[in-house]
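This tour proceeds by selection, from the whole chain to single residues. Please open the model in a viewer and follow each step in turn.

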Amino acid sequence: MARKQPQAKSSIPGLSVVERVILYVRDTARSAEWYSGILGLPIRHQEKGWVELETKGVSVCLHSGRKSGRAPELNAISFRVEDFDATYRALLLQEVGELTEPFSPGAGLRCASFSDPDGNILGIEGR
């Protein structure tokens with residue numbers, strides 16, 4: 001019988017759960033419309049310069065602090081999806097920017113990435 005491995009814990013107390021991811025965008029209203037209309041993420045809260053989007057995991061927040069195009073250091077947000085093929089087809093139909101061909105980094109996991117209007121890299125992953 002295999003022993004259950006203990007979960008790794010942060011060495012800093014209180015830093016074990018991600019609460020929100022903040023993306024700096026040029027226009028929060030335009031980006032909120034894209035995330036809501038194209039990706040289907042409901043808007044939980046919106047005010048000038050700040051939008052919180054609802055997911056089953058962490059909050060994705062849009063902040064109006066970006067002054068130019070693509071961020072020099074790229075970060076990525078990856079969404080876990082139940083039906084990879086259906087989600088990928090939906091992204092194709094929405095013609096999201098820079099959608100990659102599906103790839104598998106290993107162990108049956110399938111991934112694809114794309115970009116939002118500000119060049120932030122987003123991804124999907126599933127089996």
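Helices and strands are here DSSP runs, with at least four residues for a helix and at least two for a strand, numbered from the N terminus. The model is a predicted one.

**The whole chain**

Begin with the entire chain coloured by secondary structure, which comes to two helices and eight strands. Read from the N terminus, the elements follow the order β-α-β-β-β-β-α-β-β-β. Of the 127 residues, 31% count as buried. Among contacts with a separation of 6 or more, 51% are made by residues 24 or more positions apart.

**Helix α1**

Select residues 28–37, which form α1. Which residues of α1 are buried? They are T28, S31, A32, W34 and Y35. These residues lie on the same side of α1, because the arc they cover around the axis is only 160°. Now turn to the face directed away from that buried side, where the exposed residues E33 and G37 are found.

Next, display what covers the buried residues of α1: the cover includes β1 (20–24), β2 (43–47), β3 (50–53), β4 (59–63), β7 (109–115) and β8 (121–126). At the N-terminal end of the helix, show the side chain of D27, which acts as a cap. A side-chain oxygen of D27 is placed 3.1 Å from the backbone nitrogen of A29.

**Helix α2**

Move to α2, residues 84–94, and select F84, Y88 and L91, which are buried. Viewed down the axis of α2, the buried residues fall within an arc of 60°, so they line one face of the helix. Against which strands do the buried residues of α2 pack? They pack against β7 and β8. On the face turned away from the buried side, select the exposed residues R89 and L93. Just after the helix, E95 adopts a positive phi of about 55°.

**The largest pocket**

Display the largest pocket, which holds about 740 Å³ of space. Its lining comprises 22 residues, of which L41, T55, F79, R80 and V81 are the closest to the centre. Colouring the lining by class gives 13 nonpolar, five polar and four charged residues. Both β5 (76–80) and α2 supply at least two lining residues each. The largest contribution is that of β5, with four residues.

**Two loop residues**

Select G65, in the loop between β4 and β5. Its relative accessible area is 30%, and G65 is therefore partly exposed, as this class lies between the limits of 20% and 50%. Leaving aside neighbours within four places in sequence, G65 is in contact with Y24 and V25. A distance drawn between the C-alpha atoms of G65 and G49 reads 8.0 Å, with the two residues 16 apart along the chain.

Finish at N120, in the loop between β7 and β8. Is N120 buried or exposed? With a relative accessibility of 7%, N120 counts as buried, since the limit is under 20%. To see its surroundings, select L23, Y24, V25, Y35, R66, F114 and S115, which N120 touches when residues up to four places away in sequence are not counted. Y24 and V25 are thus in contact with N120 as well as with G65, and Y35 in this set is one of the buried residues of α1.

Technical notes. Residues are numbered from 1 along each chain as its sequence is written. This is a predicted model: local features need pLDDT of at least 70, side-chain atom pairs count only at pLDDT 80 or more; totals for chains, interfaces and linings use all residues. Side-chain values use heavy atoms; hydrogens and water are left out. On a 1 Å grid over the protein atoms alone, a cavity is a set of points where a 1.4 Å probe fits but cannot get out, and a pocket is an open set with protein on both sides within 12 Å along at least five of seven lines; lining residues have an atom within 4 Å of a point. Grid points are joined across faces, edges and corners, and a volume is the space filled by probe spheres set on the points. Ala, Val, Leu, Ile, Met, Phe, Trp, Tyr, Cys and Pro count as nonpolar, Asp, Glu, Lys and Arg as charged, and the others, Gly among them, as polar. Buried means under 20% relative accessible area, exposed over 50%, partly exposed in between (1.4 Å probe, protein chains only). The arc is that of the directions from the helix axis to the C-beta atoms. Contact means heavy atoms within 4.5 Å. A polar contact is a pair of N or O atoms within 3.5 Å; within protein, one must be able to donate a hydrogen and the other to accept it, and residues adjacent in sequence count only if both atoms are side-chain atoms.
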